[in-house]
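Have the structure open and ready to turn as you read. We will go from one helix to the strands and then step back to the whole chain.

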Amino acid sequence: MDQATALHDEEEDLPPVSTHTTCVTSSFQARQLTRGFLATLSPAPTPETTETVLLVVSELVTNALRYGNKVTDFRLSSLHDTLLVEVGDSSSALPRERAPQTFEEGEGGGFGWPIIRHLARDITIRLRRNNGKIIYAGIPM
């Protein structure tokens with residue numbers, strides 16, 4: 001983990017935020033909910049920020065569905081100059097990063113994580129006591 005990525009135990013408290021929370025079953029649904037949430041913000045995010053948030057949401061939700069079997073948490077928050085995306089799943093396995101040249105036929109994963117790390121200002125991974133994790137990605141507005 002680098003300086004922009006932190007790993008926390010479930011016991012730690014994160015600062016309170018105003019949020020929109022819902023269950024999602026697909027990346028498409030998550031992107032639709034995200035568009036709706038972003039439309040409620042004032043001032044509205046720039047088109048570039050909107051696309052960045054949609055990409056991060058899509059990557060995190062796709063990974064939760066693929067590797068964690070389902071999305072257990074989905075929350076969008078606006079906190080001052082940051083949009084916070086929270087996606088949880090039932091797997092305690094941490095995201096992994098691989099260089100494209102290490103890709104073998106039949107292997108999957110590891111390529112979206114560098115995208116998320118590049119686009120988000122801060123990333124926190126919070127492990128749950130009873131299995132699973134929540135990934136928090138802060139995106140500058």
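Start with helix α3, where G112, W113 and I116 are the buried residues. Looking down the axis of α3, you will find that these buried residues fall within an arc of 100 degrees, so they line one face of the helix. The spacing makes sense, because an α-helix has 3.6 residues a turn and residues three or four places apart point the same way. Keep in mind that this is a predicted model.

Now move to α2, which covers residues 47-67. How far apart should the ends of a helix with 21 residues be? At 1.5 Å a residue the expected span is 30 Å, and the end C-alpha atoms are indeed 30 Å apart, so the two agree. The buried residues here are T49, T50, T52, V53, L54, V56, V57, S58, L60, V61 and A64. Their cover includes two helices, α1 (27-39) and α3 (112-119), together with the strands β3 (71-79), β4 (82-89) and β6 (133-140). After α2 comes N69, which has a positive phi near 75 degrees.

The cover from α1 can be followed through one residue, S27, which lies in that helix. With a relative accessible area of 12%, S27 is buried, because the cut-off is under 20%. Leaving aside residues up to four places away in sequence, S27 touches S58, V61, T62 and L65.

Next, turn to β4, in which 8 of 8 residues are buried. In a regular strand the side chains alternate between the two faces of the sheet. In β4 both faces are covered: T82, L84, E86 and G88 are buried on one side, and L83, V85, V87 and D89 on the other.

Which strands pair with β4? One partner is β3, antiparallel to β4 over 8 bridges. These two strands form a hairpin with 2 residues between them, and H80 in the turn has a positive phi of about 55 degrees. The other partner is β6, also antiparallel to β4 and joined over 8 bridges. E86 lets you see both pairings: R75 stands opposite E86, while in β6 the bridge partner of E86 is Y136.

Finally, zoom out to the whole protein. It has 3 helices and 6 strands, which run β-β-α-α-β-β-α-β-β from the N terminus. Of its 141 residues, 38% are buried. Among contacts between residues at least 6 apart in sequence, 62% join residues at least 24 apart. The accessible surface comes to about 8,100 Å², and carbon and sulfur atoms account for 51% of that.

Key. Residues numbered from 1 in each chain as written. Predicted model: local features only at pLDDT ≥ 70, side-chain atom pairs only at ≥ 80, totals over all residues. Heavy atoms only, no water. Helix = DSSP H or I, 4+ residues; strand = E, 2+ residues; numbered from the N terminus. Expected span 1.5 Å × (residues − 1). Buried < 20%, exposed > 50% of the residue type's maximum accessible area, 1.4 Å probe, protein only. Contact = heavy atoms within 4.5 Å. Areas by Shrake-Rupley, 256 points an atom, 1.4 Å probe, with all protein chains shown as cover. Arc of directions from axis to C-beta. Pairing = 2+ DSSP bridges.
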